Amino acid sequence: ISDQKPLGCWSVKHGQILTCPVVCNLETHEYVAVHDDKVLRIWKNEDINLDKAFKATLSADVYRIHSLPLGGPLVLFRGGAVRTLDVLLEAPQQEIENVISGEVIRWSGAFMEGQQPVLIFTTEKDGDFFVYVQKPKLGSLHKYKLEQESAEPLCFTAHIANQTVTLLCLYSNYSVYQVLIPLQEDTEEEEILSKSLLLNFSVSGAVLKGTSLVALDKDHVAVLGGLAAPGKEPRECLTIWNTKFQTLQASKELPLGTSGQLWCYEEKFFLIHGKVLTVIMYKCETSSLAAAVGKLKDSQSPDVSSFVNWNTLEDEELVVSFQSQESVALEAESRMNLRSRISPVAGEQPETLSVEQLLLDYKNAPNYTLETKLRKLMAKGPTPDLQATIGCVVTALTDRCKRNPKYYPQTFLQEIVETRNLSYSLCPDLMAVALEKKDMHLLQLCLERFPDIPEEITYACLKAFLSVSEDQLQSMDVDLDSVICYVDVEFNNQEVKTEIVENGFSASMDQDMCGTKMPKESHSWSDDDSCPVGLQKAALLNAVLHSAYTETFLLPHLKNLPAAQAILFLRYLYYLYVKCSEKVNTTLPGIRSPTINQIMDWMCLLLDAHFTVMVMLPEAKELLSNLHKFVRAQVRFYSELNKIEGSLRELQRLNHLRESQTYSIEVLEII
């Protein structure tokens, strides 16, 4: 999430439906899913085809799988029975009993109490709601009935402490009720649980219509829902409440809308905002009355923060700060800057303006003044939030570039990227602006330094590099360190021809392997000729080869690359492949030169994306033939090496056994 890089994607067959959320088995690092209610699938991250993953058909419909850090996954069936995944896999067709009759499960949650997993679920039948508490490993089951209310519960959440389950219920009358369930109690009769009013949602005359409720700790809850005011349209928002002192700690409107679902994991919220997954970091501090009402005086306390930074939840927003009534420190990092931003600490003096406030002041400053002030801002000594500051500076510059097409501080931006340890997520608009301005040097710097560039942007850079003419590149400032050591250039910018002696590749082997002699004509891309692109373009393409990517998500974009550009890129990759093979260690000289693995991976990727087109194009025929012959020669060469591997190992062993003082001459015959 922090790097904005998709890592994997799996699909079920057409007609199949995933019927419960997929979970990760934290003990085995495997994914567990159920499709079509009864079919269990288990696979690992390196598995590509879900259809070939482990499959087991169960005897009853599954409602939900819960993953626990120590107890292993728990499988809850629609009939209310619970099994650990290990027990279920021993006999997938084992009979599953029905615990509930005529009831429908509305919510479930799994927890650890000491070393024992505890599963809690609620059911509904004819307007009545029931709570079940199970300990699968002990075989214990308790059923309770919720006290009836004129309103009905919309959603539930729970937490366990001191052998007591605290069940929180959000009702349709916009109130949260608390139900306490002792785990030690051993009753066979169905007990009616009484509830107490914990919280009533009312914000300045408006009523919060919650759709999701999450318990953050014993004193704080988060609610996702719509804020309805009389005569106004409901507005969706995320709110944090202190249940101990009945106060609203923080709130944020979500103008792009949500799915109504809110997840919480390791002090991070996950929610769908518009069409993106938004991650919001938070930290709950010790609840106190002083903090709850904004009267906390100890400004040096590191434990309490009174500032809420929901920065860039909305794309055009620089900063939204709240009053000091907050005791929950929320670092609401958007999808673009989760890793590096750190919210300002509590007790910040009013005369000390935050970076975001300074940038707002600079918003309308003249161009020269803006750059001067930003340079001074970056020149300050190291601070904990220096990276966030640099990200804000770049964002301010790119925002001005978008507002004023004539403004483009090329040198300043290149200087920042070269001297600062940035990432794409800190300044997501930078590369888009560079593409628009055709700033090839800045794109090269970003590709070489940013670890988290999306595949779509990587493809856009590749296409831009292949599209630009060699004449245009001659006038551009491009870093040539990655190519200057292995592409020799004369005064007329043509590569000096050098004799190529590849690892395991020679003309005689070529003819012996393929039985075909290639034409003598010179081609700009043949294996014994010059680099098919100029120095500047080669350096830019090398930057693309260095960029991290996920094959699954890059391949669809590569298929859109024009055929002529795809062939040119493949010619260059083939040229690099031959150059690497000249060296015993298959390593190109120079700074940030591409590795043999990067070259091979991109060749395979490009062939996967355009193989049919290349087979049909006459201009690609000789290139593919040369590539095919060269690879076959390499395979044969390494095959011959494998044959003598045993003899070489024996020779190495004898050298270790020989006394170092003894001088001898030995002749070893390798058969």
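This tour moves through the chain in the viewer, from the whole model to two sheets, a pair of hairpins and two helices.

**The whole chain**

Begin with everything displayed, and bear in mind that this is a predicted model. The chain holds 17 helices and 25 strands. Of its 671 residues, 48% are buried. A surface representation would show about 34,200 Å² exposed, 51% of it supplied by carbon and sulfur atoms. Among contacts with a separation of 6 or more, 56% join residues 24 or more positions apart.

**The five-stranded sheet**

Select strand E8 (104-113) and strand E15 (191-193), which are the edge strands of an open sheet, each pairing on one side only. The order of the five strands is E8-E9-E10-E11-E15, and their pairing is mixed. On average, neighbouring strands here are turned by 25° against each other, direction ignored.

Next, select strand E11 (residues 140-146) together with E15; the two pair in the parallel sense over three bridges. To find a facing pair, display Tyr144, which stands opposite Glu191 in E15.

**The four-stranded sheet**

A second open sheet has four strands in the order E12-E13-E14-E16, with antiparallel pairing. Select strand E12 (153-161) and strand E16 (196-200): these stand at the edges with a single partner strand each, so one side of each has no neighbour in the sheet. Neighbouring strands of this sheet are turned by 25° against each other on average, again ignoring direction.

Now add strand E14 (residues 175-182), which runs antiparallel to E16 and is joined to it by four bridges. Val176 is the residue to display here, as it stands opposite Leu199 in E16.

**Two successive hairpins**

Move to strand E21 (residues 258-264) and strand E22 (residues 268-273), an antiparallel pair joined by four bridges. Cys264 stands opposite Phe269 in E22. Three residues lie between the strands of this hairpin, in which Glu266 takes a positive phi near 50°.

Keep E22 selected and add strand E23 (residues 276-284); six bridges join these two strands, which run antiparallel. Which residue of E23 stands opposite Phe269? That residue is Ile280. The E22 and E23 hairpin has two residues between its strands, and Gly274 in the turn has a positive phi of about 70°.

**Helix H15**

Select residues 596-616, the 21 residues of helix H15. At 1.5 Å a residue the helix should span 30 Å, and its end C-alpha atoms lie 28 Å apart, which agrees. Where does H15 bend? Centre the view on His610, where the bend is about 75°.

His610 is also one of the buried residues of H15, which include Ile596, Trp602, Leu606 and Met614. An α-helix has 3.6 residues a turn, so residues three or four places apart point the same way. To see what covers the buried residues of H15, display helix H9 (455-467), helix H12 (535-546), helix H13 (551-558), helix H14 (563-581) and helix H16 (621-643), all of which are included in that cover.

**Helix H16**

Finish with H16, whose 23 residues should span 33 Å at 1.5 Å a residue; the end C-alpha atoms are 33 Å apart, in agreement. Its buried residues are Glu622, Leu623, Leu624, Asn626, Leu627, Lys629, Phe630, Ala633 and Gln634. With H15 still displayed, recall that H16 is among the helices covering the buried residues of H15.

Conventions. Residues are numbered from 1 along each chain as its sequence is written. This is a predicted model: local features need pLDDT of at least 70, side-chain atom pairs count only at pLDDT 80 or more; totals for chains, interfaces and linings use all residues. Side-chain values use heavy atoms; hydrogens and water are left out. The expected span of a helix is 1.5 Å times one less than its number of residues. The bend at a residue is the angle between axes fitted to the seven residues ending there and the seven starting there. Buried means under 20% relative accessible area, exposed over 50%, partly exposed in between (1.4 Å probe, protein chains only). Contact means heavy atoms within 4.5 Å. Two strands pair if DSSP finds at least two bridges between them. Axes are lines fitted to C-alpha atoms, for helices over the stretch in contact, and angles run from 0 to 180 degrees between N-to-C directions. Accessible areas come from the Shrake-Rupley method with a 1.4 Å probe; for residues, only the protein chains shown count as cover.
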